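Biologist: I should like to learn how to read a structural model of a protein. Could we begin with how the exposure of a residue is judged?

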Amino acid sequence: MGTITHIGPPVVRAGKTQPISPAVVAEGALVFVSGQVPMRDGTPAAPDIAGQTHVALDMIEAILERAGCTLADVVKTTVWLVDGDDYPAFNAAWGERFAPETAPARSTVISGLIAPVLVEIEAVAVRR
């Protein structure tokens, strides 16, 4: 039977512990990182899409570190943007973190988000 390990600490929003794990490691190799929204102290952590993209990726990077991975281990991401007009600036910020030759597979969709931010990013990584 396979193993599942939850990477904590638990997610707390508005002072309440949520039924969400920041990441789950399956079979010791695959790390699934929950969607990260660039919020700090209940407000957006940056005013623009580029800044919010970097903050969300910083959050993912910190979670991956707790799982024994880095951004270089990310193999797939899903990105939700609130506004399609933000795509060029988002993609430029993304390119500062992922080189085209080694970038993970990515799906990018336009969607409303629960948090008052411009982007949400989730990731799947492989522990080497």
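Modeller: A residue is called buried under 20% relative accessible area, exposed over 50%, and partly exposed in between. Please keep in mind throughout that this is a predicted model.

Biologist: Into which class does Arg13 fall?

Modeller: Arg13 has a relative accessibility of 39%, and it therefore counts as partly exposed. This residue belongs to strand E2, which covers residues 12-13. Apart from neighbours within four places in sequence, Arg13 is in contact with Gln18, Ile20 and Gly35. Arg13 and Met39, which are 26 residues apart in sequence, have their C-alpha atoms 9.9 Å apart in space.

Biologist: Is His54 buried or exposed?

Modeller: The cut-off for a buried residue is under 20%. His54 is buried, because its relative accessible area is 19%. It is part of helix H1, which comprises residues 49-66. With neighbours within four places in sequence left aside, the contacts of His54 are Ala93, Glu96 and Arg97.

Biologist: How many helices and strands does the protein have, and in what order do the elements run?

Modeller: There are two helices and ten strands. Starting from the N terminus, the order is β-β-β-β-β-β-β-α-β-α-β-β. The radius of gyration is 14 Å, close to the 14 Å given by the globule rule for 128 residues, so the protein is as compact as a globular protein of that length. The C-alpha trace spans about 45 × 40 × 20 Å along its principal axes. Of the 128 residues, 37% are buried.

Biologist: How should one read the pairing of strands?

Modeller: Strands of a sheet pair through backbone hydrogen bonds, in either a parallel or an antiparallel manner. In this model, six strands form an open sheet with mixed pairing, in the order E1-E4-E5-E10-E8-E9. Strand E1 (4-7) and strand E9 (105-110) are the edge strands, each of which pairs on one side only. On average, neighbouring strands of this sheet are turned by 15 degrees against each other, direction ignored.

Biologist: Which residues stand opposite each other in this sheet?

Modeller: Let us move across part of the sheet. E1 and E4 run antiparallel and are joined by four bridges; His6 has Val24 in E4 as its bridge partner. E4 also pairs with E5 in the antiparallel sense, over four bridges, and here Val24 stands opposite Phe32. The hairpin of E4 and E5 has three residues between the strands, and Glu27 takes a positive phi near 60 degrees there. Phe32, in turn, stands opposite Val124 in E10.

Biologist: How many bridges link E5 and E10, and in which sense do these strands pair?

Modeller: Strand E5 (residues 30-36) pairs with strand E10 (residues 119-126) over five bridges, in the antiparallel sense. Val33 of this pair stands opposite Ala123 in E10.

Biologist: Where do the helices lie with respect to the sheet?

Modeller: Both helices pack on the sheet. H1 touches E1, strand E4 (23-26), E5, strand E8 (74-81) and E10, and its direction makes about 30 degrees with that of E10. Helix H2 (residues 87-97) touches E8, E9 and E10, and its direction makes about 155 degrees with that of E9.

Biologist: What should one look for in a nonpolar core?

Modeller: One may ask which residues touch the most other members, and which elements supply them. The largest nonpolar core has 24 residues, among which Val31, Val33, Ile60, Leu64, Val79, Trp94 and Ile121 touch the most other members. At least two residues of this core come from each of E4, E5, H1, E8, H2 and E10. H1 supplies the largest share, six residues.

Biologist: Which residues are in contact with Ile121, leaving aside its neighbours within four places in sequence?

Modeller: Ile121 is in contact with Ser34, Gly35, Gln36, Thr53, Ala56, Leu57, Ile60, Thr78, Val79 and Trp94.

Biologist: What share of the contacts joins residues at least 24 apart?

Modeller: Among contacts between residues at least 6 apart in sequence, the share is 68%. As for the surface, the protein exposes about 7,000 Å², of which carbon and sulfur atoms supply 57%.

Methods. Residues numbered from 1 in each chain as written. Predicted model: local features only at pLDDT ≥ 70, side-chain atom pairs only at ≥ 80, totals over all residues. Heavy atoms only, no water. Buried < 20%, exposed > 50% of the residue type's maximum accessible area, 1.4 Å probe, protein only. Contact = heavy atoms within 4.5 Å. Pairing = 2+ DSSP bridges. Axes fitted to C-alpha atoms, helices over the stretch in contact; angles between N-to-C directions. Core = buried A, V, L, I, M, F, W, Y, C linked by side-chain atoms within 4.5 Å. Rg over C-alpha atoms; globule rule 2.2 N^0.38 Å. Areas by Shrake-Rupley, 256 points an atom, 1.4 Å probe, with all protein chains shown as cover.
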